[in-house]
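Hi,

Here is the structure I promised to pass on. Have a look at it first, and then read my notes below.

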Amino acid sequence: MNPISNKQGILTIESVLGIFILTIVGIVGGIALIKASQSITHIRMAKKAAVLGEMVLERYKASAVSDFSHLAVNNDVTDQPVRTFLNDPGLSGNFFLTTRTTCTADENCLVSATLHWNDPTGPSTLKLEKTFVQASPVVPGKKVIVFVKAPPCNETTEVGISSNCLNGLRGFTITSFCSNGTPVQSLTDANGLAVLEGVQMGENVVVIATAPAPSSYNIGT
């Protein structure tokens, strides 16, 4: 056997192995780069979905303020493009929205907004939830502080009454009226104090004190 030919054969095998290894490394590296790129795209789209989801919940918030009783009826959708729901054609058309509103007897409504889209990693979803509580209506009028007392007590301020008038009468029902004629009531506390909100102001303000039992002080309706 020719030593030179044998040596050339070994060099040829080593060259093939080297090329094969470089090819494998290149393929593995390419796959890693593709996955990294897909991951970056997924994160970017997930962040965008989160922003869109907050915009959707803000739309529900506006609806809750204007018409809480029809929160779900007017707004819930299934697989609707987000840009259609938000009425903004400039938004990406890759995101779709499903919303569900569940309201309880105590007038709390839970809104869930689920966004779904396709990115290089496959189908993806993001769900956001927010609870809305129906606010108490704002009653026009003023706050009136009433003190039911047994004589003598000459204080006229809330602080003075609480500090110096120790003979206030507890448990009286204090009634007055709002601007729409609706009665507003409160009970006197241990110091004889009661606070009424939203009382209609005028030249004469009607306040009725009703005793919890027959009163020796002749206070009643």
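**What I found**

In strand 7, V184 is the bridge partner of S176. Before you read too much into that, keep in mind that this is a predicted model. The S176–V184 bridge is a good way into the sheet, so let me start there.

**The three-stranded sheet**

Strand 6 covers residues 173–177, and 5 bridges join it to strand 7, with the two running antiparallel. Besides S176 and V184, you can pick out I174, which stands opposite S186 in strand 7. The hairpin of strand 6 and strand 7 has 5 residues between the strands, and there G181 takes a positive phi near 90°.

Now go to the other neighbour of strand 6. Strand 9 runs antiparallel to strand 6 too, and 3 bridges join them. I174 turns up again here: its bridge partner in strand 9 is A209. So I174 is a handy residue to click on, with S186 of strand 7 opposite and A209 of strand 9 as a bridge partner.

Put together, this is an open sheet of 3 strands in the order 7-6-9, with antiparallel pairing. Strand 7 (183–187) and strand 9 (208–210) are the edge strands, each pairing on one side only. From one strand to the next, the twist averages 25°. As a reminder, strands of a sheet pair through backbone hydrogen bonds, either parallel or antiparallel.

**The four-stranded sheet**

There is also an open sheet of 4 strands, in the order 1-2-3-4 and again with antiparallel pairing. Its edges are strand 1 (80–81) and strand 4 (122–133), each of which pairs on one side only. Strand 1 and strand 2 (residues 96–103) run antiparallel and are joined by 2 bridges. If you want one of the contacts to look at, Q80 has L97 in strand 2 as its bridge partner.

**Aromatic pairs**

How many aromatic pairs does a search of the whole structure find? It finds 2.

One is Y60 with F85, which is stacked, at 6.0 Å centre to centre and 20° between the planes. Y60 lies in helix 1 (residues 3–66) and F85 in helix 3 (residues 82–85), so this pair ties together parts that are 25 residues apart in sequence. Y60 counts as buried because its relative accessibility is 0%. F85 counts as buried as well, at 10% relative accessibility.

F95 and W117 form a tilted pair, at 5.5 Å centre to centre and 50° between the planes. F95 sits in the loop between helix 3 and strand 2, while W117 is in strand 3 (residues 108–119), so the pair ties together parts that are 22 residues apart in sequence. F95 and W117 are both buried.

**A last stop on helix 1**

Is I43 buried, exposed or partly exposed? This residue has its place in helix 1, and it counts as partly exposed because its relative accessibility is 44%. The C-alpha atoms of I43 and D119 are separated by 9.7 Å, with the two residues 76 apart along the chain.

If you only have a few minutes, I'd go to I174 with its partner A209, and then to the stacked pair of Y60 and F85.

Cheers

Terms used: Residues are numbered from 1 along each chain as its sequence is written. This is a predicted model: local features need pLDDT of at least 70, side-chain atom pairs count only at pLDDT 80 or more; totals for chains, interfaces and linings use all residues. Side-chain values use heavy atoms; hydrogens and water are left out. Two strands pair if DSSP finds at least two bridges between them. Axes are lines fitted to C-alpha atoms, for helices over the stretch in contact, and angles run from 0 to 180 degrees between N-to-C directions. Rings of Phe, Tyr and Trp (its six-membered ring) pair if their centres lie within 6.5 Å; planes under 30 degrees apart count as stacked, over 60 as edge-to-face and the rest as tilted. Buried means under 20% relative accessible area, exposed over 50%, partly exposed in between (1.4 Å probe, protein chains only).
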